[in-house]
Amino acid sequence: MTMDFTRFVFYVLAAILVYAAARVITVRNPVHAALHLVLAFFTSAGLWLLLEAEFLAIALVLVYVGAVMVLFLFVVMMLDINISPLREGFIRYLPVGLTVAVLIVLEMGMVVGVKNFGAQAVAIPARHAADYSNTRELGAVLYTDYVYPFEIAAVILLVAIIAAIALTMRRRPETKYQNPVAQVAVKRADRVRLVKMRSESRQQD
């Protein structure tokens, strides 16, 4: 693959990625937003393939597109969200949203600019041989140079999982729930009460 064709593919994928990312935050239908996010993930995987990061590209497609986004679509479509209330108040919060968007674009322009990430600042990655394994190189860097940030991120995710379970399993006064222990320990005398009554005969007039 020549350098000119590689650059052409990069610009095409970058344009599609920017379009898909913009549609994710501007479209009003949640299902359409999730589908545009799937397109953004596929395009990011294509960019990683250009950087010879095949493992990250495959992991992005399999994990996020194949599992996470399918779950998001399933939840959104099962909830049957009413879009009409979401459109209410859009004009009222539009100035605040535009102000925040402009500030974010300016900050990203100052950080991710030509000065820091241009062709002169960042060299083109060198091509590797056929026996090069980016998975091995990623694991070596992850578990040597970034082992402590990796462990800290794992602890933070564990705390987030425990917090989500605790928030979900907490008892609310208005929520009805069953106690399996009490159901198993119940006896017949606790549920059934036999009442003896004298039989009555219908008197004829």
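**Close-up views of a predicted helical model**

**View 1. Glu-52 lies in the loop between H2 and H3.** The model shown here and in the views below is a predicted one. Glu-52 has a positive phi of about 60 degrees, although this residue is not a glycine. Most residues other than glycine have a negative phi. Is Glu-52 buried or exposed? The relative accessibility of Glu-52 is 18%, and because buried means under 20%, Glu-52 counts as buried. With residues up to four places away in sequence left out, Glu-52 touches Ala-126, Arg-127, His-128 and Asn-134.

**View 2. The chain as a whole is the setting for the close-up views.** The chain contains ten helices and zero strands. Its pattern, read along the sequence, is therefore written with helices alone: α-α-α-α-α-α-α-α-α-α. Of the 205 residues in the chain, 13% are buried. Among contacts between residues at least 6 apart in sequence, 59% join residues at least 24 apart.

**View 3. The largest nonpolar core has nine residues.** Its members are Ala-34, Val-38, Phe-41, Ala-45, Ala-57, Leu-60, Val-65, Met-69 and Leu-73. Helix H2, residues 30-50, and helix H3, residues 54-79, each supply at least two residues of this core. Which helix gives the largest share of the core? That share comes from H3, which contributes five residues. One member of the core, Ala-34, may be followed individually. Ala-34 touches Met-69 and Leu-73, not counting residues up to four places away in sequence. Met-69 and Leu-73 are themselves listed among the residues of the core.

**View 4. Ala-33 has its place in helix H2.** With a relative accessible area of 14%, Ala-33 is buried, because this value falls under the 20% limit for that class. Which residues does Ala-33 touch, not counting residues up to four places away in sequence? They are Val-24 and Val-27. A further relationship joins Ala-33 to a position farther along the sequence, Leu-73. The two residues are 40 residues apart in sequence, and 9.7 Å apart in space when taken from C-alpha to C-alpha.

**View 5. His-36 is also a residue of helix H2.** The relative accessibility of His-36 is 17%, so this residue counts as buried. When its neighbours within four places in sequence are left aside, His-36 is in contact with Tyr-19, Ala-20, Arg-23 and Val-24. Val-24 appears in View 4 as well, where it is touched by Ala-33.

**View 6. Phe-72 is found in helix H3.** How accessible is this residue, and what class does it therefore belong to? At 43% relative accessibility, Phe-72 counts as partly exposed, because the value lies between the 20% limit for buried and the 50% limit for exposed. Phe-72 and Leu-35 are 37 residues apart in sequence. In space, C-alpha to C-alpha, Phe-72 and Leu-35 are 10.0 Å apart.

**View 7. The second largest pocket has a volume of about 290 Å³.** Its lining consists of Val-18, Ala-21, Ile-25, Ala-101, Val-105, Met-108 and Val-112. Which helices each supply at least two residues of this lining? They are helix H1, residues 3-26, and helix H5, residues 94-111. The lining divides into seven nonpolar residues, no polar residues and no charged residues.

**View 8. The structure holds four aromatic pairs.** One of them is formed by Phe-10 and Tyr-11. The centres of these two rings are 5.5 Å apart, with 65 degrees between the planes. This pair is edge-to-face, because its angle is over 60 degrees. Phe-10 is partly exposed, with a relative accessible area of 40%, whereas Tyr-11 counts as exposed at 54% relative accessibility. Another pair, also edge-to-face, is made by Tyr-143 and Phe-150. Here the distance is 5.2 Å centre to centre, and the planes stand at 70 degrees to each other. Phe-150 counts as partly exposed, at 30% relative accessibility.

Note on methods
Residues numbered from 1 in each chain as written. Predicted model: local features only at pLDDT ≥ 70, side-chain atom pairs only at ≥ 80, totals over all residues. Heavy atoms only, no water. 1 Å grid on protein atoms, 1.4 Å probe; cavity = no way out; pocket = protein on both sides within 12 Å on 5 of 7 lines; lining within 4 Å. Points joined across faces, edges and corners; volume = space filled by probe spheres on them. Helix = DSSP H or I, 4+ residues; strand = E, 2+ residues; numbered from the N terminus. Nonpolar A, V, L, I, M, F, W, Y, C, P; charged D, E, K, R; others polar. Core = buried A, V, L, I, M, F, W, Y, C linked by side-chain atoms within 4.5 Å. Buried < 20%, exposed > 50% of the residue type's maximum accessible area, 1.4 Å probe, protein only. Contact = heavy atoms within 4.5 Å. Phe/Tyr/Trp six-rings, centres within 6.5 Å; stacked < 30°, edge-to-face > 60°.
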